[in-house]
Amino acid sequence: METLDIVRRLEEQRLAIIEETINQAMREPFWKQRYGEEIGVQLHVDMDRNLGVLIQSIRYRSPMIFEDHTRWRRDQIRGFGCSTGHIREMYGNLWRGITRHVPEQWQSYIFNYMQTALGGLAFSGAGPRAISEQQTQLAEDLAVGTYDRHWHWQAAYSSEGRARLVYEYWYLVDYLIDALGVNSTTTLSQHVQWQRQMWLKRGLSTGHVQYALWLLADALTARLAQGPANEARQALMAASEALAYPRESCQALRAIQTDVISQTAERLIAAGVAPNGPETTTEVSWYLSYLIDSIATGAADPLLSYTRWMQYWLARQGLPDSPLRLSYEALAEAITRMAPEHAAQEALAMLQIAQRALST
């Protein structure tokens, strides 16, 4: 095999390979959602450079050239909010482009260079290694605990389906692996905040993100040794704290949320409109989470969206919306008693908007 023949073929087909790579990549909504329409141009520049270094590595028969470049590229894109999984995914797209434009007898030789580079992305710590081995199963655990058991996620992902949510969970775990690998939760926290933005658009709330983080911590405890699991749980706790809104009213409600949820749930149970069990507390926690999201965004849309969801769900069960009305009344009373005046006023204003929507 003539190495220079491979190099010559890759150079001849370079533009076509990159075009196919980017076309494939842009089918994934993440890029435009996170970075806007212009990201395609930047991806084209970056992937062309990646292919150029791969060609150089093959030319000089030095896998280390491409391996070092790949680690550098990973560090660079992490600074922009990506994870190791994104470079793996982009290299997968690049490989598919190469296979369409390079004879089969040369493909294994090129693949070895790419595989060596990707192997160099593995972190040496016990925690990242242990989580990486369970990454796919952890994503599935999260899907079972959310999509399979709660109609909220089924409604939010009704158009794309369960597979899309599993994909997003896989990346959540990937950001966690990176956080442990570089001993920094900055990018993980940024991703969790961005995931919150995406879920708000789907009709979910901050509480749903926190619930997913809690489920992931629980799954890690079940699947990993104590040391790596504890390390991962600490990183997830830091990411969860990043979901706290800076607005003073939101902080005030968050500080009293346990008591507010408890008192509201007790009233609903006493009135006979809710079961005496953890599901009532969980339901009340959703209301409060949507309320805090509404205060943080300065609009009642999150709470209104959930109000309509609940009306629809109750109607499908053949039930009136009276439990929802009483829930808002009880929540308003608890907040009035326990929250500082300024926070109570903002919360009550949002609740009144939702209550008026129930009357229309």
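The protein chain contains 20 helices and 0 strands. The model is a predicted one. Of the 360 residues in the protein chain, 50% count as buried. Taken along the principal axes, the C-alpha atoms of the protein chain fill a box of roughly 80 × 45 × 35 Å. When contacts between residues at least 6 apart in sequence are considered, 72% of them join residues at least 24 apart.

Helix α4 and its surroundings are described next. Helix α4 covers residues 39-59 and has 21 residues. From its first C-alpha to its last, α4 reaches 30 Å, which is close to the 30 Å expected at 1.5 Å a residue. The axes of α4 and helix α6 (residues 84-101) come within 11 Å and cross at roughly 65°. That angle makes the two helices, α4 and α6, roughly perpendicular, and their crossing is right-handed. On the α4 side the contact is made by L43, M47, N50, L51 and L54, and on the α6 side by M90, Y91, L94 and I98. By type, the residues of this contact between α4 and α6 divide into 8 nonpolar, 1 polar and no charged.

Helix α4 also holds S57. With a relative accessibility of 0%, S57 counts as buried, because the limit for a buried residue is under 20% relative accessible area. Leaving aside residues up to four places away in sequence, S57 touches S62, P63, I65, F66 and Y113. Of these, P63 and I65 fall within the range of α5, residues 63-79.

Following α4 comes R61, with a positive phi near 50°. R61 is not a glycine, although its phi is positive. This residue, R61, is placed in the loop between α4 and α5. R61 has a relative accessible area of 56% and is therefore exposed, in contrast to S57, which is buried at 0%.

A second residue with a positive phi is N183, at about 60°, and N183 is likewise not a glycine. N183 lies in the loop that joins α11 to α12 (186-202). The relative accessible area of N183 is 70%, so N183 is exposed.

Helix α11, which comes before this loop, spans residues 162-182 and packs with helix α8 (residues 126-133), the two axes coming within 8 Å and crossing at roughly 165°. The two helices, α8 and α11, are therefore roughly antiparallel to each other, the cut-off for this class being over 145 degrees. The crossing of α8 and α11 is left-handed. In α8, the residues G127, P128, I131 and S132 meet V173, L176, I177, L180 and G181 of α11. The residues of this contact of α8 with α11 divide into 6 nonpolar, 3 polar and no charged.

Towards the end of the chain, helix α19 (residues 322-338) has 17 residues. Its span, taken from the first C-alpha of α19 to the last, is 24 Å, close to the 24 Å expected at 1.5 Å a residue. The buried residues of α19 are L324, L326, S327, Y328, A330, L331, A332, A334 and I335. An α-helix has 3.6 residues a turn, so residues three or four places apart point the same way. The cover over the buried residues of α19 includes α15 (248-255), α16 (257-270), α17 (278-297), α18 (301-316) and α20 (341-358).

E333 is also found in α19. The relative accessible area of E333 is 38%, so E333 is partly exposed. Although 70 residues separate E333 and Q263 in sequence, the C-alpha atoms of E333 and Q263 are 9.4 Å apart in space.

Two of the helices that cover the buried residues of α19, α17 and α20, also meet each other. The axes of α17 and α20 come within 10 Å and cross at roughly 105°. These helices, α17 and α20, are therefore roughly perpendicular to each other. Their contact is made by L291, S294 and I295 of α17 together with E346, A347, M350 and L351 of α20. The residues of the contact of α17 with α20 divide into 5 nonpolar, 1 polar and 1 charged.

Terms used:
Residues are numbered from 1 along each chain as its sequence is written. This is a predicted model: local features need pLDDT of at least 70, side-chain atom pairs count only at pLDDT 80 or more; totals for chains, interfaces and linings use all residues. Side-chain values use heavy atoms; hydrogens and water are left out. Axes are lines fitted to C-alpha atoms, for helices over the stretch in contact, and angles run from 0 to 180 degrees between N-to-C directions. Helices (H or I, at least four residues) and strands (E, at least two) are DSSP runs, numbered from the N terminus. Angles under 35 degrees count as roughly parallel, over 145 as roughly antiparallel, 65 to 115 as roughly perpendicular and the rest as oblique. A crossing is left-handed if the near helix is turned anticlockwise from the far one by less than a right angle, and right-handed if clockwise. Contact means heavy atoms within 4.5 Å. Ala, Val, Leu, Ile, Met, Phe, Trp, Tyr, Cys and Pro count as nonpolar, Asp, Glu, Lys and Arg as charged, and the others, Gly among them, as polar. The expected span of a helix is 1.5 Å times one less than its number of residues. Buried means under 20% relative accessible area, exposed over 50%, partly exposed in between (1.4 Å probe, protein chains only).
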